[in-house]
Amino acid sequence: MEANKKTDKIKNQTEDNPTSQRRCEINGKRFLITRHFEGNQDLSTLMTEIAISRANREMGL
């Protein structure tokens, strides 16, 4: 039940933000890429968070 509340909260937060979609083909497979714009963020902080998250995931943490 808690996961549903978190999902609903995120969904409500992002409904007002602009999105863009683009179709592309990679190695014969078609993909639909959706970008969600959430406002201004510090790029350095964002990239650091993504790198830490990926490293943790790859190490099984």
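Strands are DSSP runs of E with at least two residues, and they are numbered from the N terminus. The model described here is predicted.

**Overall layout**

The chain contains 2 helices and 2 strands. Along the sequence these elements come in the order α-β-β-α. The chain has 61 residues, and 2% of them count as buried. Its exposed surface comes to about 6,200 Å², of which carbon and sulfur atoms supply 51%.

**The strands and the loop between them**

Strand 1 covers residues 19-26, and a loop lies between strand 1 and strand 2. Strand 2 covers residues 29-36. Two residues from this part of the chain are set out below.

| Residue | Place | Relative accessible area |
|---|---|---|
| N27 | loop between strand 1 and strand 2 | 77% |
| F31 | strand 2 (residues 29-36) | 40% |

N27 is not a glycine, yet its phi is positive, at about 50 degrees. Is N27 buried or exposed? With a relative accessible area of 77%, N27 is exposed, because the cut-off for exposed is over 50%.

**A nonpolar patch**

F31 sits in strand 2. Its relative accessibility is 40%, which lies between the limits of 20% and 50%, so F31 counts as partly exposed. Which residues make a nonpolar surface patch with F31? They are I26 and I33, and the patch made by I26, F31 and I33 has an area of about 260 Å². Residues in such patches need over 30% relative accessible area. F31, at 40%, is therefore above that cut-off.

Conventions
Residues are numbered from 1 along each chain as its sequence is written. This is a predicted model: local features need pLDDT of at least 70, side-chain atom pairs count only at pLDDT 80 or more; totals for chains, interfaces and linings use all residues. Side-chain values use heavy atoms; hydrogens and water are left out. Patches are made of residues with over 30% relative accessible area and no salt bridge: like charges are joined within 9 Å, nonpolar side chains (Val, Leu, Ile, Met, Phe, Trp, Tyr) within 5 Å. Accessible areas come from the Shrake-Rupley method with a 1.4 Å probe; for residues, only the protein chains shown count as cover. A salt bridge is a side-chain nitrogen of Lys or Arg within 4 Å of a carboxyl oxygen of Asp or Glu. Helices (H or I, at least four residues) and strands (E, at least two) are DSSP runs, numbered from the N terminus. Buried means under 20% relative accessible area, exposed over 50%, partly exposed in between (1.4 Å probe, protein chains only).
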